[in-house]
Structure formats: structure tokens, C-alpha cells
Amino acid sequence: MDATIYHNPRCSKSRQALELLRERGVEPTIIKYLDTPPTVEELRTLISDSGLTVRQAVRVKEAEFTELGLLEASDDELLAAMVAHPRLIERPFVVTDKGTRMARPTAAVEEIL
């Protein structure tokens with residue numbers, strides 16, 4: 001099975017999702033999204049395919065969220081901010097042939113394995 005994880009090695013949920021994939025015999029492509037952020041369109045697709053709203057995929061507790069004044073931002077403004085400041089992207093996203101999920105909770109990945 002092909003799989004991709006948008007991974008932050010410093011995030012416990014991201015590490016848990018990667019571990020779950022490997023436990024299930026899946027060695028995913030790992031995209032360290034802090035180093036290589038998705039484009040606005042890639043991010044829009046990840047969010048949409050996960051069944052989430054843009055606001056559900058942004059980390060509102062990150063300092064940048066407040067510093068950038070994003071409380072009342074539109075979806076397009078949030079997406080642009082998330083690409084420019086990838087720490088704002090909630091994580092991790094996992095993509096397989098069966099779909100896309102944000103692994104919060106980690107068990108959500110099971111739905112696409």
C-alpha cells in the first residue's frame with residue numbers, strides 16, 4: 001500500500017501515526033512539511049479530502065495564529081498563512097489509496113488502511 005504522511009518528528013501525534021503505519025506493515029513516504037510545506041492547492045485538497053474545514057485544520061493555539069491576527073480570517077487567508085507558516089498546520093495528515101485523514105486521534109488512520 002502506498003501512503004504519505006505529512007510529518008513533524010517533534011509532534012507526538014505525528015510520531016504515533018508513523019508508528020501505527022509501520023506496525024501495519026506500511027512504510028510511508030514522509031514529507032516533513034515544516035521543511036517542505038504544501039502549496040495552497042495541496043493543502044486545500046488534503047483538508048477537503050479529510051472531510052475537514054480549513055478552520056479545523058489550523059492550529060489556533062500557535063503563537064503565530066494570534067500574532068498574525070487570524071481569528072477572523074477567511075479560508076483563503078488561513079490557507080495562505082498556513083503555507084507561509086507551516087507550524088499552523090494541524091498534524092499529521094496521512095494519505096493512502098483509500099483516502100486522507102488527519103490522525104487526530106491516531107486511530108483515524110485505521111479507516112484508510
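## Cavity

Tyr6, Tyr33, Pro38, Leu46, Ile89, Glu90 and Phe93 line the largest cavity of this predicted model. Its volume is about 30 Å³. With 30 Å³ as the lower limit, a search of the whole structure returns 1 cavity.

Sorted by class, the lining of the largest cavity comprises 6 nonpolar residues, 1 charged residue and no polar ones. Glu90 is among the lining residues, and glutamate counts as charged.

## Nonpolar cores

The largest nonpolar core contains 19 residues. Ile47, Leu70, Met82, Leu88 and Phe93 have the most contacts inside this core. At least two of its residues come from each of α2 (40-49) and α4. The largest share, 4 residues, is supplied by α4. A second core, separate from this one, has 11 residues, including Ala3, Ile5, Ala17 and Ile112.

Phe93 appears both in the lining of the largest cavity and in the list of residues with the most contacts inside the largest core.

## Contacts of methionine 82

Once neighbours within four places in sequence are set aside, methionine 82 is in contact with Leu43, Ile47, Val54, Ala57, Val58, Leu88 and Ile89. Of these partners, Ile47 and Leu88 are also listed with methionine 82 for the most contacts inside the largest core. Ile89, another partner of methionine 82, lines the largest cavity.

## Cis peptide bonds

Arginine 91 and proline 92 are joined by a cis peptide bond, with omega near -10°. Proline 92 lies in the loop between α4 (75-84) and β3 (93-96).

The peptide bond from arginine 104 to proline 105 is cis, and omega is about 5°. Proline 105 belongs to the segment after β4 (99-102).

Technical notes: Residues numbered from 1 in each chain as written. Predicted model: local features only at pLDDT ≥ 70, side-chain atom pairs only at ≥ 80, totals over all residues. Heavy atoms only, no water. 1 Å grid on protein atoms, 1.4 Å probe; cavity = no way out; pocket = protein on both sides within 12 Å on 5 of 7 lines; lining within 4 Å. Points joined across faces, edges and corners; volume = space filled by probe spheres on them. Core = buried A, V, L, I, M, F, W, Y, C linked by side-chain atoms within 4.5 Å. Buried < 20%, exposed > 50% of the residue type's maximum accessible area, 1.4 Å probe, protein only. Contact = heavy atoms within 4.5 Å.
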